[in-house]
Amino acid sequence: MLTRVHLRVTLFAVGMAGLSVLLVGFATMTAFAGENLSLIAKTASYSVAPALVFNDAAAAQEALQPLAATPGVGLIVVEDSSLRNFVSVSSPRDQSWMVAPWIQAQIVPGTRTETIMREGQRIGSVRVTGDASVIGRYLIAG
């Protein structure tokens, strides 16, 4: 009888420890993904500023292609000072690894926005939206 109680307590303790490690790992991955999106938004704002100043959408597209190919990035949208869509670049990755939208809403930390400034004036903004394909691959790989 006492052996069964010890076994149950041990299994419960191991299960709780595993669950807490899983939740902390999930929270950490989400925080790192959010920070990564913020850094990519800042990089995109610096990269696309000259193209926005000279109204060169092709140069902006070319500058954003490598950033859009970064794992974890789903879409980059650049708007001019009047909030019109200047250019948008989506991820070229295979979408078969995409997870369900309701799971993605829980995993991806949301859209990050960075203002594009020139000589103290706002000339546009960059929005970077993440995707959960990297985290999905990580979870499937185990």
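Colleague: What makes β3 and β4 a hairpin, and which residue in the turn has a positive phi?

Modeller: In this predicted model, β3 and β4 have two residues between them. Two strands count as paired if at least two bridges are found between them; seven bridges join β3 (residues 112–118) to β4, and therefore the two strands pair. They run antiparallel. In the turn, glutamate 119 has a positive phi of about 50°.

Colleague: Which residue stands opposite threonine 115?

Modeller: Threonine 115 stands opposite serine 125 in β4.

Colleague: How do you know that β1 pairs with β4?

Modeller: The requirement is at least two bridges. Seven bridges join β1 to β4, so the pairing criterion is met. These strands run antiparallel, and aspartate 80 has glycine 124 of β4 as its bridge partner.

Colleague: Where do these strands fall in the order of elements?

Modeller: The protein contains four helices and four strands. From the N terminus, their order is α-α-β-β-α-β-β-α.

Colleague: Why is the span of α1 called close to the expected one?

Modeller: The expectation is 1.5 Å times one less than the number of residues. Helix α1 (residues 2–53) has 52 residues, for which 76 Å is expected, and the distance from its first C-alpha to its last is 76 Å; the span is therefore close to expectation.

Colleague: What is found at serine 47 in α1?

Modeller: A kink of about 35° lies at serine 47, shortly before proline 50. The bend is the angle between axes fitted to the seven residues ending there and the seven starting there. After α1 comes asparagine 55, with a positive phi near 55°.

Colleague: Why are Leu37 and Val48 of α1 called buried?

Modeller: Burial requires under 20% relative accessible area. Leu37 and Val48 are among the residues of α1 that meet this limit, so they are classed as buried. Of the 142 residues of the protein, 30% count as buried.

Colleague: What makes valine 48 a notable member of the largest nonpolar core?

Modeller: This core has 22 residues, and Val48 is one of those that touch the most other members, together with Leu64, Ile76, Val78, Ile116, Val126 and Val128. Two or more residues come from each of α1, α2 (57–68), β1 (73–80), β2 (85–90) and β4 (121–130). The largest share, eight residues, is supplied by α1. Leaving aside residues up to four places away in sequence, valine 48 touches Ala60, Val78, Ile116 and Val126.

Notes. Residues are numbered from 1 along each chain as its sequence is written. This is a predicted model: local features need pLDDT of at least 70, side-chain atom pairs count only at pLDDT 80 or more; totals for chains, interfaces and linings use all residues. Side-chain values use heavy atoms; hydrogens and water are left out. Buried means under 20% relative accessible area, exposed over 50%, partly exposed in between (1.4 Å probe, protein chains only). A nonpolar core is a set of buried Ala, Val, Leu, Ile, Met, Phe, Trp, Tyr and Cys residues joined through side-chain atoms within 4.5 Å. Contact means heavy atoms within 4.5 Å.
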